[in-house]
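Me: I would like to learn to read a model like this one. Please take me through it feature by feature.

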Amino acid sequence: MVKVSEGKPEPNPNKGLPTWTLQDFEIGKPLGKGKFGKVYLAREKKSKYIVALKVIFKQQLEKYRLHHQLLREIEIQSSLNHPNVLRIFGWFHDKDHFILILEYAARGELYKELRKSKHLSEKHAATYILSLTKALAYCHEKHVIHRDIKPENLLLDLEGRLKIADFGWSVQSRTKRHTMCGTLDYLAPEMVENKAHDYTVDNWTLGILCYEFLYGVPPFETESQTNTFKRIIKVDLSFPSTPRVSAEAKDLISKLLVKDALKRLSLQKILEHPWIVKNADPSGVCSGGVSQI
Ligand code: AMP
């Protein structure tokens with residue numbers, strides 16, 4: 001049994017050896033369903049610490065040959081400790097399942113709040129972009145590129161603090177990558193064109209998200225994949241007249257959605273951008289749900 005200190009289950013110190021079992025937890029309500037299994041609210045019996053248990057079916061993983069990807073996800077996420085990155089406290093497996101012990105994000109997916117409210121206020125959008133930028137700066141320092149940042153992979157804790165989850169597509173790398181991955185609307189042009197890419201793909205995605213937070217839809221969305229590809233490659237960016245969005249926000253988006261990866265605004269410059277400085281709450285807390293402008 002893994003040590004429990006300060007009420008929190010500790011990351012598995014045995015580098016992959018399972019030390020937890022389902023008997024260590026009281027299982028509560030289902031929190032959601034993913035591609036490969038279900039997520040449940042749970043309480044560790046000894047510490048009473050509330051967590052989310054992600055239960056993944058081995059059979060499904062085998063079918064898609066994704067064992068390695070899961071292990072990579074666990075390894076990367078376990079090595080990260082930042083207030084805006086969802087913690088993974090440990091993992092174990094039984095005959096049929098892999099079970100990940102995750103930090104509980106009480107308000108669930110940011111995506112759901114965005115869909116409910118259609119678009120976010122500039123204050124909330126800037127606060128989320130600031131949190132994301134800080135989290136990505138931390139990840140990049142540790143040579144981790146996320147590559148699959150999208151609203152579905154962003155969770156909110158009880159106070160509305162953003163947590164990056166789902167490191168399934170991330171890579172730990174000091175060199176340029178060639179694999180094409182991620183979700184179409186959020187892909188940087190160099191990924192669409194299957195070229196080498198690096199950390200700056202996450203900066204592009206920040207521009208996409210900032211646009212989506214403020215307008216409710218990603219900027220290059222079309223009815224077909226082919227047309228979205230074309231719009232991304234051309235950086236066919238336009239700003240609708242409604243909802244009304246400030247010139248400063250548009251300036252930040254335009255400086256992130258730049259085809260030449262070297263010319264994209266750096267994470268440090270995002271932190272200093274006037275729109276962020278004016279609108280973002282540095283505590284990262286977005287209380288009272290998501291409001292409309
Ligand atoms: P996933 O399998 O990671 O796609 O998760 C499926 C759903 O479970 C998500 O859409 C969330 O609504 C919910 N969920 C996943 N992880 C957590 C968590 N750590 N805390 C709260 N809800 C979660």
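Me: Where does the ligand sit?

Reply: A pocket, on a 1 Å grid over the protein atoms alone, is an open set of points with protein on both sides within 12 Å along at least five of seven lines. A molecule sits in one if more than half of its atoms lie within 2 Å of its grid points. Here the ligand sits in the largest pocket. This is a predicted model: local features need pLDDT of at least 70, side-chain atom pairs count only at pLDDT 80 or more, and totals for chains, interfaces and linings use all residues. Residues are numbered from 1 along each chain as its sequence is written, and side-chain values use heavy atoms, leaving out hydrogens and water.

Me: Which polar backbone atoms does the ligand contact through nitrogen?

Reply: A polar contact is a pair of N or O atoms within 3.5 Å. A ligand nitrogen lies 2.8 Å from a polar backbone atom of glutamate 103. For alanine 105, a ligand nitrogen is 2.9 Å from a polar backbone atom. The protein covers 86% of the 480 Å² of accessible area that the ligand has on its own (Shrake-Rupley method, 1.4 Å probe).

Me: How many aromatic pairs are there?

Reply: Rings of Phe, Tyr and Trp (its six-membered ring) pair if their centres lie within 6.5 Å; planes under 30 degrees apart are stacked, over 60 edge-to-face, the rest tilted. The count is nine. One of them is tilted: tryptophan 91 with phenylalanine 98, 5.9 Å centre to centre and 45° between the planes.

Definitions and conventions
Polar contact = N/O pair within 3.5 Å; in protein donor to acceptor, adjacent residues only side chain to side chain. 1 Å grid on protein atoms, 1.4 Å probe; cavity = no way out; pocket = protein on both sides within 12 Å on 5 of 7 lines; lining within 4 Å.
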